[in-house]
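Q: I am new to reading protein models. Could you walk me through one, feature by feature?

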Amino acid sequence: MAKNKAFGAVVLGAIAGAVAGVLFAPKSGKETRDDIKRKAETTKETANEKAEKAKRAANDGSKELKDMAKRAEKEWNELATDAKDRAGRVADDAKKTASHVADDAKKHFNSDTTKKA
């Protein structure tokens with residue numbers, strides 16, 4: 001935002017300087033008007049070129065930001081899928097371990113009750 005204000009101030013300063021220089025020059029009215037017209041056209045062209053350059057830079061930045069967002073989304077989805085897969089494997093392993101512990105406990109319990117009987 002500050003750059004836009006600075007650019008505007010420079011353009012206005014250039015126009016004011018050009019107009020003041022032309023107005024105080026020892027020329028006829030027609031020559032002065034022609035000079036002002038030429039300076040205004042040159043300043044307008046320069047401003048348009050700068051505006052186009054800024055517009056292209058903004059579009060390039062916007063495109064780059066969109067590309068980065070797409071890459072981040074893809075990476076996030078891959079990480080989420082990987083985490084989900086790992087969580088599923090951990091749950092399966094926990095179920096198997098719990099089943100083995102339960103089987104071992106039953107065998108141990110059954111072996112103790114047969115020894116006592």
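**Salt bridges along a helix**

A: Let's start with one contact: the side chains of Lys63 and Asp67 form a salt bridge, with 3.3 Å from N to O. This is a predicted model, in which local features need pLDDT of at least 70 and side-chain atom pairs count only at pLDDT 80 or more, while totals for chains, interfaces and linings use all residues. Residues are numbered from 1 along each chain as its sequence is written, and side-chain values use heavy atoms, leaving out hydrogens and water.

Q: What counts as a salt bridge, and how many does a search of the whole structure find?

A: A salt bridge is a side-chain nitrogen of Lys or Arg within 4 Å of a carboxyl oxygen of Asp or Glu. Here the search finds four. Among them are Lys30 with Asp34 at 3.3 Å (N to O) and Arg86 with Asp82 at 3.2 Å (N to O).

Q: Where do Lys63 and Asp67 sit relative to each other?

A: Helices are DSSP runs of H or I with at least four residues, strands are E runs of at least two, and both are numbered from the N terminus. Lys63 and Asp67 are four residues apart in helix 2, so about one helical turn separates them. Lys30 and Asp34 also lie four residues apart in helix 2, which covers residues 29–116.

Q: Is Lys63 buried or exposed?

A: Buried means under 20% relative accessible area, exposed over 50%, and partly exposed in between (1.4 Å probe, protein chains only). Lys63 is exposed because its relative accessible area is 52%, whereas Asp67, at 29%, is partly exposed.
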